[in-house]
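Trainee: I would like to learn how to read a structure from the fold down to single residues. Where do we begin?

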Amino acid sequence: MIAAMYTAMVLGMAELSSALPTAGGGYTFARRALGPWGGFATGTAILIEYAIAPAAIATFIGAYVESLGLFGITDGWWVYLAAYVIFVGVHLMGVGEALKVMFVITAVALVGLVVFAVAAVPLFDAANLTDIPPTDAAGASPFLPYGYLGIWAAVPFAIWFFLAIEGVPLGAEEARDPAKDVPRGIIAAMVVLLVTGALVLVLATGAIGASALSESGNPLVEALGTGTMATVVNYIGLAGLIASFFSIIYAYSRQTFALSRAGYLPRVLSLTNGRKAPALALIVPGVIGFLLSLTGQGAVLLNTAVFGAALSYVLMMVSHIVLRRREPDMPRPYRTPGGVATTGFALVVAVISVIATFLVDSVAALCALGAFALFMAYFALYSRHHLVAAAPDEEFAALAAAEDELR
């Protein structure tokens, strides 16, 4: 269900990114469709997701490093600090250098998933997929041991398979031909995630069993047991976590930069260094993320990030539907197959996902909601009175308003 939602959402975002190719991504789309309040709400939800997701990933990186016994590290916070310092530092060197490093790390991680799949196939047993004993929950069965509520409880973790793919449009201003490259990039990325996500879900569970895997903090390695192949996958799995961590740092810096440039956040956050990297947009969310990672609560941070993500998906899909209805003649180099029916489906599942985060971890969801409310209060009391008319997103909106008046 979540894979289908993301596929539909990505097709909608491909259209929006081809029509509005700026560094604001989802915020830009919502700004055009829903006005300043909707734009800032969407950008804030995305920023909550992107600022907190690296903190969760940092805790997972720490667990991997400890399990490997690297450098004799037994206390994860040193790893969290090193991860933020090193990879924020690489981004400060400039986008060209950062994207080259990101590409190499991601390629290594993808090779690791292929190695894992090859090693896991001989261990696969279909009976392991449903080896959790059914509970007495409503609708429980061998296939759904926790019943109908178990489906809801799984939603935030299913989202983690695909989280942050919606960040691809944030690279629009650094693409050679954004109207074509960004839609191609996000659709290609989704195809890769669908294939690798399905392989991991099915093969890891089939190799060790759903029951054993549900307690694992290092699932790919435990699925393979001991031996050389498991050790290789462990190291490459670490590369996968680093790839996610590194790419989301890029995404949060661009979202912060775009909101700051337009005046929604303090203008100082959009200042760039000599390498044209938004320095404070990289450092400030990084410091916040590091401090959050010190809690060591990876699962709580994960759910907090998922709440922000799901809320942003609701707003972005509403934006696609509104723009299709309100501005049918807007130039769209790419058009979503199925139109509003496609994004309407994604909208319904996204709403379900928002509700699911409260069912799984109400504390995490309420924390995210509280942070969201504080951002909106800041906008209501201050920043909406200090927007920058010359910012690309505000210019898009002004042009659209002028065209409406002419019509």
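Mentor: We will go from the whole chain to one helix, a pocket and a few residues. Keep in mind that this is a predicted model.

Trainee: How many helices and strands does the secondary structure of the chain come to?

Mentor: Start any reading with the elements and their order. Here the chain has 14 helices and 0 strands, so from the N terminus on every entry in the order of elements is α.

Trainee: What does the radius of gyration say about the chain?

Mentor: The value has to be set against the length of the chain. The radius of gyration is 21 Å and the globule rule gives 22 Å for 407 residues, so the chain is as compact as a globular protein of that length. The C-alpha trace spans about 70 × 50 × 40 Å along its principal axes. Buried residues account for 51% of the 407 residues.

Trainee: What share of the contacts joins residues 24 or more positions apart?

Mentor: Among contacts with a separation of 6 or more, such pairs make up 78%. M13, in helix α1, gives a case. Its C-alpha lies 7.6 Å from that of E166, although 153 residues separate the two in sequence.

Trainee: Is M13 buried or exposed?

Mentor: Relative accessible area decides this, and under 20% counts as buried. M13 is buried because its relative accessible area is 0%. Beyond its neighbours within four places in sequence, M13 contacts F29, E166, P169, I186, M316 and M317.

Trainee: Where does α5 bend, and by what angle?

Mentor: When a helix bends, check the sequence that follows for proline. The bend in α5 is about 25° at A153, and P156 follows within four residues. P156 is also buried, as are G147, V155 and I159 of the same helix, α5. The buried residues of α5 pack against α1 (2-19), α11 (298-326) and α12 (340-360).

Trainee: What comes after α5?

Mentor: A loop leads from α5 to α6, and F161 is in it. F161 counts as partly exposed because its relative accessibility is 33%. Leaving aside neighbours within four places in sequence, F161 is in contact with L193, G197, V200 and L201. For a distance to another part of the chain, take A365: it is 204 residues from F161 along the chain, and their C-alpha atoms are 19 Å apart.

Trainee: Which residues other than glycine have a positive phi?

Mentor: Two cases will do, and for each we read the angle, the place and the accessibility. A164 has phi near 85° and is in the loop between α5 (147-159) and α6 (178-208). K276 has phi near 65° and is in the loop between α9 (228-261) and α10 (279-293).

Trainee: Are A164 and K276 buried or exposed?

Mentor: A164 is buried, with a relative accessible area of 17%. K276 counts as exposed because its relative accessibility is 65%.

Trainee: How much space lies in the second largest pocket, and which residues are closest to its centre?

Mentor: For a pocket, read the volume, then the lining, then its chemical class. The second largest pocket holds about 360 Å³ of space. It is lined by 16 residues, of which L47, I48, A51, I288 and F375 are the closest to the centre. The elements that give two or more residues to this lining are α2 (26-68), α10 and α13 (362-381).

Trainee: What is the make-up of that lining by class?

Mentor: The lining of the second largest pocket has 15 nonpolar residues, 1 polar residue and no charged ones.

Definitions and conventions: Residues numbered from 1 in each chain as written. Predicted model: local features only at pLDDT ≥ 70, side-chain atom pairs only at ≥ 80, totals over all residues. Heavy atoms only, no water. Buried < 20%, exposed > 50% of the residue type's maximum accessible area, 1.4 Å probe, protein only. Bend = angle between axes of the 7 residues up to and from the residue. Contact = heavy atoms within 4.5 Å. 1 Å grid on protein atoms, 1.4 Å probe; cavity = no way out; pocket = protein on both sides within 12 Å on 5 of 7 lines; lining within 4 Å. Points joined across faces, edges and corners; volume = space filled by probe spheres on them. Nonpolar A, V, L, I, M, F, W, Y, C, P; charged D, E, K, R; others polar. Rg over C-alpha atoms; globule rule 2.2 N^0.38 Å.
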